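User: I'm new to this one and would like to know what lies behind the labels people put on it. Could you take me through a few?
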Amino acid sequence: MLVGSLTSRLVNSLISIRITNNRLTNNEIWRVMKSIRDVEVRNKRVFLRVDFNVPMKNGEIIDDNRIKASISTIQYLLDNDAKIIIGTHVGRPEGKVNTEFSNVPMARELAKLLVQEVTVTDHVINDKILLEKIESMQAKDIIVLGNLRFHAEEEANNHMFAKKLASYAEIYVNDAFAVSHRANASVDAITSYLPSYSGLLLESEITSLSLLLKNPQPPFVMIIGGAKVKDKAGLIKTLAKKADRILIGGAVANTFLLAKGEEVGNSLVEKDMVEDCKKMLLELQDKIILPVDTVKDGEGNDSKIMDIGHSTIARFRSEIINAGSIFWNGNLGYTEDERFQEGTKAIAEAIEQNTFGVKVAAGGDTVGFLDQNNMQKSFSFVSTGGGAALEFLAGEKLPGIEALDKSQI
Ligand code: 3PG
């Protein structure tokens, strides 16, 4: 199946649109990682893993920051006459083709930003036209493959699948910091089959986050919200070793509130995390600050927590205003709906008013929200990673970064 054209010049057939030591800490990795700048890419086919998993509404991109963030590496490859094969995942289609998770809008956006023709296909492997297209690539050509997660093998870190992807190219570049915490085939296994390098975005993410990891100015305040409860709740214990305060909002807070015995109605909770959350609340009572009031949609058992309330905003604000370092990942309410944006906006304003701290924001939804409200400029660094940035700051080893380390080719 083929998809529609991306720019007026797009063709219709396919839519024309070293690390040496495992014990190195995250702080040290960036200094020794093999960089895209260390390899001759001229006339070579480069498999570039990016993260174009951007927030969407009604089929439209509502924030293109992650795509913009990948431009420096793509431009570097274009300037050096490489042939670029781009791979990304979009959403969680669970191994099945699902047009809701098409990456055509992202490829179209990329063509617009680069002002150049970009070929996009919804195929990833086993397609004759795609193979012919890859074989006939010229320097500066760009092909965007279909959503890698349309194949279950991607998230299974399957080596046969990775080998097929690797067969398209001579060099592999990971510029997808935001998915480097996932041991996926195009992030991890592929590095067994191609000489592997970091892209410019990956390097800048690691460099900037390492500064916060290594030497945060106290008090270090972390603000954790968003919806990926399982990923985040499990990390809070580790993050607490670095942070002086952890302010929790968004859906992540619901499980903690339930663990505290509060009424959460029909809110999104992670039941199997309740016991862990109870323990964390006991052990980390001087660090974790939960919402003291919430904004709900609906009544009684059917009600859902949608935002933090005014008293919570005031409590969080008092911590933020005096912070020496701030790390923020995840919106505090369901900001897709304008009625529930107040908490997130108030927290962004409080961060803006802190004029002396090092301030880092991370994650697609948070960065998108800041962008829409023109509030990015007051941050010292804006990371494209959500879960990846959290894991990095928790001091965990990220499979994508580890894989670049171990790659011996
Ligand atoms: C993200 O948005 O955090 C990354 O793209 C990873 O997506 P995932 O949580 O679905 O693996």
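User: What covers the buried residues of α14?

Analyst: Keep in mind that this is a predicted model. The cover over the buried residues of α14 includes three strands from one list, β9 (220-224), β13 (304-308) and β14 (325-329), along with β15 (358-362). Helices α13 (310-321) and α15 (364-372) are also among the elements covering them.

User: Which residues of α14 are called buried, and what makes them so?

Analyst: The cut-off is under 20% relative accessible area. Gly343, Thr344, Ala346, Ile347, Ala348, Ala350 and Ile351 of α14 are buried, so each of them falls under that 20% mark.

User: How do you know that α14 has the span expected of a helix?

Analyst: Helix α14 covers residues 342-353, twelve in number. The expected span is 1.5 Å times one less than the number of residues, which comes to 16 Å here, and the model's reach from first C-alpha to last is 16 Å, close to that.

User: Why are β11 and β16 called edge strands?

Analyst: Their sheet is open, with six parallel strands in the order β11-β10-β9-β14-β15-β16. β11 (288-289) and β16 (381-383) each have a single partner strand, so one side of each has no neighbour in the sheet.

User: What makes β14 and β15 a pair?

Analyst: A pair needs at least two bridges, and five bridges join β14 to β15, so they qualify, running parallel. In one of those spots, Ser325 has Val358 of β15 as its bridge partner. Helix α8 (residues 200-214) packs on this sheet, touching β9, β14, β15 and β16, and its direction makes about 120 degrees with that of β16.

User: Which strands form the other open sheet, and what about β1 and β4 in it?

Analyst: That sheet has six strands, in the order β5-β6-β4-β1-β7-β8, with parallel pairing. β5 (119-120) and β8 (196-198) stand at its edges, because each has a single partner strand. β1 (residues 45-49) and β4 (residues 83-87) pair over five bridges, and Leu48 sits opposite Ile86 in β4. Helix α5 (residues 128-135) lies across β1, β4, β5 and β6 (142-144), at about 155 degrees to β6.

User: How do the axes of α3 and α4 cross, and what makes the contact?

Analyst: The axes of α3 (residues 71-79) and α4 (residues 104-114) come within 12 Å and cross at roughly 65 degrees, in a right-handed way. Ile71, Ile74, Gln75 and Leu78 of α3 meet Leu110, Leu113 and Leu114 of α4. By class, that's six nonpolar residues, one polar and no charged ones.

Methods. Residues are numbered from 1 along each chain as its sequence is written. This is a predicted model: local features need pLDDT of at least 70, side-chain atom pairs count only at pLDDT 80 or more; totals for chains, interfaces and linings use all residues. Side-chain values use heavy atoms; hydrogens and water are left out. Axes are lines fitted to C-alpha atoms, for helices over the stretch in contact, and angles run from 0 to 180 degrees between N-to-C directions. Helices (H or I, at least four residues) and strands (E, at least two) are DSSP runs, numbered from the N terminus. A crossing is left-handed if the near helix is turned anticlockwise from the far one by less than a right angle, and right-handed if clockwise. Contact means heavy atoms within 4.5 Å. Ala, Val, Leu, Ile, Met, Phe, Trp, Tyr, Cys and Pro count as nonpolar, Asp, Glu, Lys and Arg as charged, and the others, Gly among them, as polar. Buried means under 20% relative accessible area, exposed over 50%, partly exposed in between (1.4 Å probe, protein chains only).
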